[in-house]
Amino acid sequence: MHEIVVNLHMHTRYSDGSGSHKDIAQAAIRTGLDVVIVTDHNVLVQGLEGYYRVGRSRVLLLVGQEVHDQDRNPQKNHLLVFNANRDLSTLADDPQALINGVNDAGGLSFLAHPRDPEAPAFKETDISWEAWDVHGYTGIELWNGLSELKTVLHTKLHGAFYAFFPHFIAHHPMLEVLQRWDDLLANGARVVAVGGSDAHALHMHMGPVKRVIFPYDFHFRTVNTHVLIPEPLTGEVPTDKKMIYEALAAGRCFVGYDLPASTRGFVFKGKGLEQSVLMGEEISAKGGVTLQAHLPTPAEIRLLKDGKTIGIWRDSQACAYSAIEPGVYRVEVWRNYLGLKRGWIFSNPIYVR
Ligand SMILES: [Zn+2]
Ligand SMILES: [Zn+2]
């Protein structure tokens with residue numbers, strides 16, 4: 001398998017972002033990403049997908065959309081839609097009909113920023129996901145760069161601080177969202193976790209200070225989705241797009257917070273009597289399954305079964321565990337950064353049945 005780094009969920013001038021698709025592609029190349037997926041609000045921008053190049057470097061830019069009901073007050077239930085190849089915003093008023101529409105179109109859907117609190121100092125409302133009775137979606141956005149910012153914007157002063165020192169913002173996916181994910185998994189659902197940036201590159205004006213806050217480049221260095229594809233990217237858009245979306249649909253990916261240190265090289269796999277699997281996949285418990293995780297550099301590895309921590313390996317680069325019971329097993333990795341222990345890697349689960 002080949003690992004590629006994907007940054008997904010971001011906005012351009014076609015909705016409420018400040019940059020163009022070309023700006024995004026250039027920022028992605030500067031920061032060493034392989035793929036970006038642009039998702040403007042309630043519009044599917046056509047004709048801009050493809051490889052963008054600067055010198056000998058290239059990035060694949062794909063276009064999806066983020067759909068929500070603009071007549072709803074407050075405007076909750078944002079859904080990221082990929083690979084549907086048509087504008088599905090006409091179905092926005094009914095989340096289940098929207099998800100069904102995505103499936104009919106052969107697309108993927110992720111519940112965006114499942115918990116997104118209000119930030120009254122900036123007149124930002126709560127736009128969490130609320131329609132939890134839906135089914136049939138691909139997964140959830142476990143870690144969203146912008147929602148987490150809203151949790152720390154207690155006053156305007158906090159806003160100014162984080163605008164200049166954005167490295168202090170990201171801590172870990174919201175615990176409520178992790179809990180929700182574990183609950184969904186415990187109920188037998190296969191729910192793929194991805195990390196999104198929700199980059200807007202907004203312009204801020206505070207008195208004499210004018211600044212682009214949280215530029216695309218910054219987001220592209222922080223929370224990414226690392227995706228495992230069977231062949232290296234070929235440079236052919238249809239082939240590469242298919243490999244990427246198949247891997248995301250299967251959950252063959254992990255969420256990596258690449259700012260403290262690159263998460264490239266993380267592996268979580270399982271080996272049973274007759275087969276070997278990667279994260280996102282299912283394996284029989286019969287005869288036991290050896291679960292193994294490997295990190296690019298040492299950190300604290302936690303193994304969870306059905307949402308409960310069953311093993312902790314501190315300052316380790318690898319771990320192995322013999323699983324004999326069926327369950328949903330996933331790995332979290334934590335490391336110290338800027339004086340706090342922060343989430344670094346969140347794997348998709350291996351389903352031992
Ligand atoms: Zn949104
Ligand atoms: Zn968004």
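The zinc ion written as ligand 2 has four protein donors, namely H9 through NE2, H11 through NE2, E66 through OE and D198 through OD, at 2.1 to 2.2 Å. Donors here are N, O and S atoms within 2.8 Å of the metal (3.2 Å for Na, K and Ca), and because water is not among the atoms, sites may look incomplete. This is a predicted model, in which local features need pLDDT of at least 70 and side-chain atom pairs count only at pLDDT 80 or more, while totals for chains, interfaces and linings use all residues. Residues are numbered from 1 along each chain as its sequence is written, chains are lettered from A and ligands numbered from 1 in the order in which they are written, and side-chain values use heavy atoms, with hydrogens and water left out.

Along the chain, the donors of this zinc ion are spaced as H-x1-H-x54-E-x131-D. Why is the arrangement of the 4 donor atoms irregular? The angles they subtend around the zinc ion (ligand 2) run from 82 to 171°. Four donors would count as tetrahedral if all angles lay between 85 and 135 degrees; four count as square planar and six as octahedral if opposite donors are over 155 degrees apart and all others between 65 and 115; anything else is irregular.

E66 also bridges to the zinc ion (ligand 1), and the two ions, ligand 2 and ligand 1, lie 3.5 Å apart. As for the histidines, H9 is buried at a relative accessible area of 0%, and H11 is likewise buried at 0%. Buried means under 20% relative accessible area, exposed over 50%, and partly exposed in between (1.4 Å probe, protein chains only).

I turn to the aromatic residues. The structure holds 11 aromatic pairs. Rings of Phe, Tyr and Trp (its six-membered ring) pair if their centres lie within 6.5 Å; planes under 30 degrees apart count as stacked, over 60 as edge-to-face and the rest as tilted. One of these pairs, W143 with Y257, is tilted, at 5.3 Å centre to centre and 50° between the planes. Both W143 and Y257 are buried. F161 and Y162 form an edge-to-face pair, with 5.1 Å between centres and 80° between planes. Of these, F161 is partly exposed at 35% relative accessible area, whereas Y162 is buried at 12%. Ring pairs also join W143, Y257, W334, Y337 and F346 into a cluster.

Finally, charges over rings. The charged end of R180 sits over the ring of W132, 4.0 Å from its centre; that of K156 sits over the ring of F122, at 5.2 Å. The criterion is NZ of Lys or CZ of Arg within 6 Å of the ring centre and within 35 degrees of the ring normal.
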